[in-house]
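Grab a pencil and work through these exercises with the model open beside you. Try each task before you read its solution.

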Amino acid sequence: MRILILGGTSEASALIAALAGTMHEVTLSLAGRTTAPKTGSVRTRIGGFGGAEGLAAWMREDGTDLLIDATHPFAARICVSAAEAARAAGIPILAIRRPPWIRESGDRWTEVDTVEDSVAALGEAPRRVFVTVGRLELAAFAAAPQHDYVVRTIEPVGDALPVPRLTTIAARGPFAATEEERFMREAGIAVLVTKNSGGDATYAKITAARALGMPVVIVRQPLKPEVARVADVAGAMAWVAHDLTKRRESSHAPLPSPAEGEG
Ligand code: NAP
């Protein structure tokens with residue numbers, strides 16, 4: 001099958017590695033947010049499609065057999081486009097929907113719906129805040145310049161957060177819980193702000209905050225369109241194998257007899 005994977009996540013990279021040993025022809029699509037994405041040797045296209053229509057047209061032209069939405073839980077628009085484009089082009093779609101982290105005993109979470117809400121949840125009194133929501137939504141914190149921000153992103157922050165007290169750290173996960181705990185303690189962090197991204201790669205900060213008894217302002221995952229879904233790469237591989245079997249069976253199915261067609 002010709003498979004288009006909408007990526008930008010560790011799941012997309014792992015899925016591509018898993019599909020490398022199969023006969024499927026895989027294309028990875030990235031939005032182009034990071035300057036040095038890890039693409040491996042797979043065919044890669046970069047940049048938006050121009051909405052659902054553009055994506056549907058791209059898939060028709062490419063002869064795509066299956067679309068896999070392996071984008072980040074907080075990438076909301078592309079998921080809507082993917083669902084619409086698959087329906088319009090009549091192409092099956094599978095989504096890898098990473099489950100959110102679940103609050104455990106000892107977690108001091110304040111759950112909010114948006115990054116803007118997380119800023120309000122920090123309160124009026126100045127605090128030293130560790131922010132890990134990604135570079136693109138940092139501007140929201142400019143509304144609360146009284147805080148002292150420590151921001152960790154993959155890409156340099158540049159002028160994305162104009163506040164008087166800002167420390168920036170450029171790093172890409174995965175991170176170890178012991179290192180996260182040491183870092184937060186030594187940096188004098190009072191509160192962590194994070195998206196509830198789920199998965200293992202960045203969970204260490206949650207474990208570290210729990211160990212330190214630190215409050216966490218955590219942004220809930222946005223709602224996504226209802227499409228066929230699995231939770232992880234193993235589920236996706238099983239789904240792809242099952243889909244291929246179904247296609248083979250239907251292509252070998254006997255034609256209806258003339259009598260069946262006339263009734
Ligand atoms: P978004 O708001 O859902 O998408 C905005 C637009 O970017 C889409 O409408 C689409 O443009 C384009 N786009 C997004 N993902 C694409 C992809 N994989 N291939 C081609 N075009 C894509 O997404 P976002 O939150 O900006 O995230 C962008 C990318 O970063 C995603 O691939 C996501 O997996 C990754 N990422 C996001 C986060 C996060 O917290 N949001 C975290 C880690 C990784 P058109 O409408 O023109 O097609």
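Two strands pair if DSSP finds at least two bridges between them. Strands (E, at least two residues) and helices (H or I, at least four) are DSSP runs, numbered from the N terminus. The model is predicted, so to speak of local features we need pLDDT of at least 70, and side-chain atom pairs count only at pLDDT 80 or more, while totals for chains, interfaces and linings use all residues. Residues are numbered from 1 along each chain as its sequence is written, and side-chain values use heavy atoms, with hydrogens and water left out.

**Exercise 1. How many bridges join strand 7 to strand 8?**

Step 1: Find strand 7 at residues 128–132 and strand 8 at residues 148–153.
Step 2: Count the bridges: there are four, and the two strands run parallel.
Step 3: Pick out one position: Val131 stands opposite Val151 in strand 8.

**Exercise 2. In what order do the six strands of the open sheet with strand 6 and strand 9 at its edges come?**

Step 1: Read across the sheet: 6-11-10-7-8-9, with parallel pairing.
Step 2: Check the ends: strand 6 (108–112) and strand 9 (166–170) each pair on one side only.
Step 3: Look at the twist: neighbouring strands are turned by 20° against each other on average, direction ignored. Angles run from 0 to 180 degrees between N-to-C directions, and axes are lines fitted to C-alpha atoms, for helices over the stretch in contact.

**Exercise 3. Which strands are the edges of the open sheet ordered 3-2-1-4-5-12?**

Step 1: Note that this sheet has six strands and parallel pairing.
Step 2: Spot the edges: strand 3 (43–46) and strand 12 (228–230).
Step 3: Zoom in on strand 1 (residues 2–6), which five bridges join to strand 2. The bridge partner of Ile3 there is Val26.

**Exercise 4. Which residues are closest to the ligand?**

Step 1: Collect the shell: 21 residues surround the ligand, counting a residue as near if one of its heavy atoms lies within 4 Å.
Step 2: Name the closest: Gly7, Ser29, Arg33, Phe49 and Lys195.
Step 3: See which element gives the largest share: helix 3, with three residues.

**Exercise 5. How far is an oxygen atom of the ligand from a polar backbone atom of Phe49?**

Step 1: Recall that a polar contact with the ligand is a pair of N or O atoms within 3.5 Å.
Step 2: Read off the distance for Phe49: 2.7 Å.
Step 3: Try Gly50, where a polar backbone atom is 2.8 Å from an oxygen atom of the ligand.

How values were computed: Polar contact = N/O pair within 3.5 Å; in protein donor to acceptor, adjacent residues only side chain to side chain.
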